[in-house]
Amino acid sequence: MKSFLFLSTIVSTIVFAQDKADSISSANSVSSITIQTNIEGARVFVDGDSVGTTPLTFQATPGIHRVKIISPDVASWLSEPVVDSILVEPGAPRRFRYSFAQKILVISSPSEAEVVLGDSVIGTTPLVIRSESASLRLRKNGYEEAPLDSTNMRRGILSTRLKKIWQNEGGESDSPDSEVKRSTLKLYISGAATVLAGATSAYFKVRADNSYSDYVRTGDRAQLSEVNRLDTTAGIALAATQIGLGLFTYFILSE
């Protein structure tokens with residue numbers, strides 16, 4: 001009986017020691033991994049599982065792990081995720097720092113302005129560029145050249161309104177007030193022509209209707225010829241009305 005108890009005590013001691021050794025070995029096998037990003041709050045995924053947001057420290061088992069980091073600005077299609085594969089060694093803490101290569105959408109009013117870097121044209125607006133691109137400017141015929149100011153960027157979109165160059169036939173500077181006056185004059189002329197042509201069409205149409213009534217009453221063929229002539233005149237005036245209305249609408253929409 002004493003031999004049995006002694007043997008049981010030895011076995012229990014061996015099992016306890018083995019469990020403790022396995023526990024120590026397991027604790028030594030994991031490594032502390034720290035991930036930082038240039039934009040805090042980025043979500044980190046390791047092997048497809050979410051492990052938290054940056055700055056982040058977590059424990060990882062030895063081996064190669066796939067890391068994916070998504071920018072906090074998930075609503076912006078210009079924000080690209082960072083993807084990397086990291087090697088974790090037993091008991092060796094590691095620190096990783098990542099930067100998001102942000103993109104910028106450059107738009108201009110009017111569009112199709114050239115985006116110039118140095119002396120080279122890299123594209124026309126709208127254009128997506130890397131944020132590290134510097135010394136960029138916009139140019140378009142008939143408009144003043146404008147540098148790109150990143151302080152005006154909103155959610156990855158940089159919008160610039162180009163200023164028009166006002167010139168007269170002599171090449172001298174012409175004021176915007178003169179252009180406004182010319183635009184107003186075109187509106188007045190086209191509007192007046194539309195009203196006049198419409199009134200003329202209505203006048204001749206009334207006369208044609210009266211002549212047709214006389215023809216029905218008298219049967220005079222001369223009255224029928226007069227009806228045709230007046231209808232033709234009214235039709236021409238109506239066409240002029242439509243042309244004038246089209247010009248008037250065009251001038252309004254082009255302002």
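Student: Which residues does H65 touch, and what makes each of them a contact?

Tutor: Not counting residues up to four places away in sequence, H65 touches V46, D47, A60, D84, S85, I86 and V88, and these are called contacts because heavy atoms lie within 4.5 Å. The model is a predicted one, in which local features need pLDDT of at least 70 and side-chain atom pairs count only at pLDDT 80 or more, while totals for chains, interfaces and linings use all residues. Residues are numbered from 1 along each chain as its sequence is written, and side-chain values use heavy atoms, with hydrogens and water left out.

Student: How do you know whether H65 is buried or exposed?

Tutor: The relative accessible area of H65 is 10%, and since buried means under 20%, exposed over 50% and partly exposed in between (1.4 Å probe, protein chains only), H65 is therefore called buried.

Student: What makes R139 and E114 a salt bridge?

Tutor: Their side chains meet at 2.7 Å, N to O, and a salt bridge is a side-chain nitrogen of Lys or Arg within 4 Å of a carboxyl oxygen of Asp or Glu, so the pair qualifies. The pair links distant parts of the chain, with R139 in strand β12 (residues 136-139) and E114 in strand β9 (residues 114-117), 25 residues apart; strands here are DSSP runs of E with at least two residues, helices are runs of H or I with at least four, and both are numbered from the N terminus.

Student: Why is R139 called partly exposed?

Tutor: The relative accessibility of R139 is 31%, which falls between the two cut-offs, so R139 counts as partly exposed. E114, with a relative accessible area of 30%, is partly exposed as well.

Student: Why are R229 and E226 separated by about one helical turn?

Tutor: They are separated in that way because they are three residues apart in helix α3 (residues 221-254). Salt bridges that share partners join R207, E226 and R229 into one network, and the side chains of R229 and E226 themselves meet at 2.5 Å, N to O.

Student: How do you know that strand β8 pairs with β11?

Tutor: Four bridges join strand β8 (residues 103-109) to β11, and two strands pair if DSSP finds at least two bridges between them, so β8 and β11 are paired. The two strands run antiparallel, and the bridge partner of V106 in β11 is L127.
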